[in-house]
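Please open the model in a viewer and keep the selection tool at hand. The tour proceeds by one selection at a time.

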Amino acid sequence: MKKIGITTTVPVEVLLAAGYQPIDLNNVLVSAPDPTKYVTIAERDGFPLNCCTWIKGLYGVCMDSGINDVLCVTNGDCTNTIMLMEVLKLKGKNTIPFAYPERPDAEQMDYVLEKLAATLGTTLQAAEKVRRKVKPARDLALKLDELTWKDNKVSGWENNLWLISTSDFNGDYLKYQKELQELIDKSTQRQHYPSQEIRIGYIGVPSVYAKEFYPYVEKHGARVVFNEVQRQFAMPEPGGSLAEQYTNYTYPYSINEHIADIKSELKKRRIDGIIHYVQAFCHRGIGDIVMRSMIKVPMLTLEGNADFFLNGHVKTRIEAFLDMIERRKISPKVVK
Ligand code: SF4
């Protein structure tokens, strides 16, 4: 299969129906042994220092990996992708734009999916067939999510990793399915996490320091039991068609869709506090104002830039936040 880079979660079923192997450039970046290398490639080619690390990293991965075709999401993700696409074109890459509709509307979604399918030389009917084939893998990802918050047998890091990987199924959805089934089988044999642990919801874009963040939270008596965006990547509301599936997917739309989804999960998952991650130089950071005013749960906002590890400052803030929640749980009237 011919590889195609993707800049965020896209209707992967259409790409598979067209005979492509989607590669989520974000996943390549964060799982690389030395992700800074990719950011440096972008900066050497002229990307400004005050440009988001994810954008620079995606560019670096594209240039380094030899991927020639790139599906760039120009609406519903990041405005920087438009300029990233222009630079990739200049460098000789074949870029294909894809725009999510302005608002969640199944009819408009149907139209853009048809258009994407025609551009890639396939049909929506073929993509619907792929949707059915891929569904067991998506169902397993959602099962793992349940094992995280309901059965308390899966770590926040595992949850993040497997849900986030549904954007491209690590390049092979059957292998993904098999490996995830093995993990689920093993995890059901595990001991429960302690019932007195602090339950954290993680909202916002995936962080550049995820590998260290989740274990650090667990080391301090807490666990992430809700990864908002990552869960959305797994398509928790698949509906009856591809158009419905990607209409119910909240990530590309307004902050109100995100908030409605977050609020409906907070109570169900008995969340004690939220960590909102924002990326330096990202427009989504401004949304923190809205999140804080609309979500009535203790919230810590963490910003990350180009450090792919937790620095001392971030560690101290996490510890102080967890300490505050713990004291609040013990004496809710004393600590507000
Ligand atoms: S973190 Fe923000 S600026 Fe960076 S790629 Fe994502 S949406 Fe764009």
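Which strands does helix α5 lie across? Select residues 80-90 in this predicted model: helix α5 lies across β3 and β4, and runs at about 150 degrees to β3.

Next, display the sheet to which these strands belong. It is an open sheet of four strands with parallel pairing, in the order β2-β1-β3-β4. Select 20-24 and 94-99 to see its edge strands, β2 and β4, each of which pairs on one side only. On average, neighbouring strands here are turned by 30 degrees against each other, direction ignored. Now select residues 2-6 and 69-75: strands β1 and β3 pair in the parallel sense over three bridges. Within this pairing, I6 has L71 of β3 as its bridge partner.

Move then to another open sheet, whose four strands follow the order β6-β5-β7-β8, again with parallel pairing. Select 222-227 and 299-304: β6 and β8 stand at the edges with a single partner strand each, so one side of each has no neighbour in the sheet. For the pair β5 and β7, select residues 198-204 and 273-279; these strands run parallel and are joined by five bridges. Here I203 has H276 in β7 as its bridge partner. Add residues 210-219, helix α10, which packs on the sheet and touches β5 and β6. The direction of α10 makes about 135 degrees with that of β6.

Finally, select the ligand. Its surroundings consist of C52, W54, I55, D77, C78, N80, V205, Q279, C282 and R284. This shell divides into six nonpolar, two polar and two charged residues.

Note on methods:
Residues are numbered from 1 along each chain as its sequence is written. This is a predicted model: local features need pLDDT of at least 70, side-chain atom pairs count only at pLDDT 80 or more; totals for chains, interfaces and linings use all residues. Two strands pair if DSSP finds at least two bridges between them. Helices (H or I, at least four residues) and strands (E, at least two) are DSSP runs, numbered from the N terminus. Two residues are in contact if their C-beta atoms, placed from the backbone, lie within 7 Å. Axes are lines fitted to C-alpha atoms, for helices over the stretch in contact, and angles run from 0 to 180 degrees between N-to-C directions. A residue is near a molecule or strand if its C-beta atom, placed from the backbone, lies within 6 Å of it. Ala, Val, Leu, Ile, Met, Phe, Trp, Tyr, Cys and Pro count as nonpolar, Asp, Glu, Lys and Arg as charged, and the others, Gly among them, as polar.
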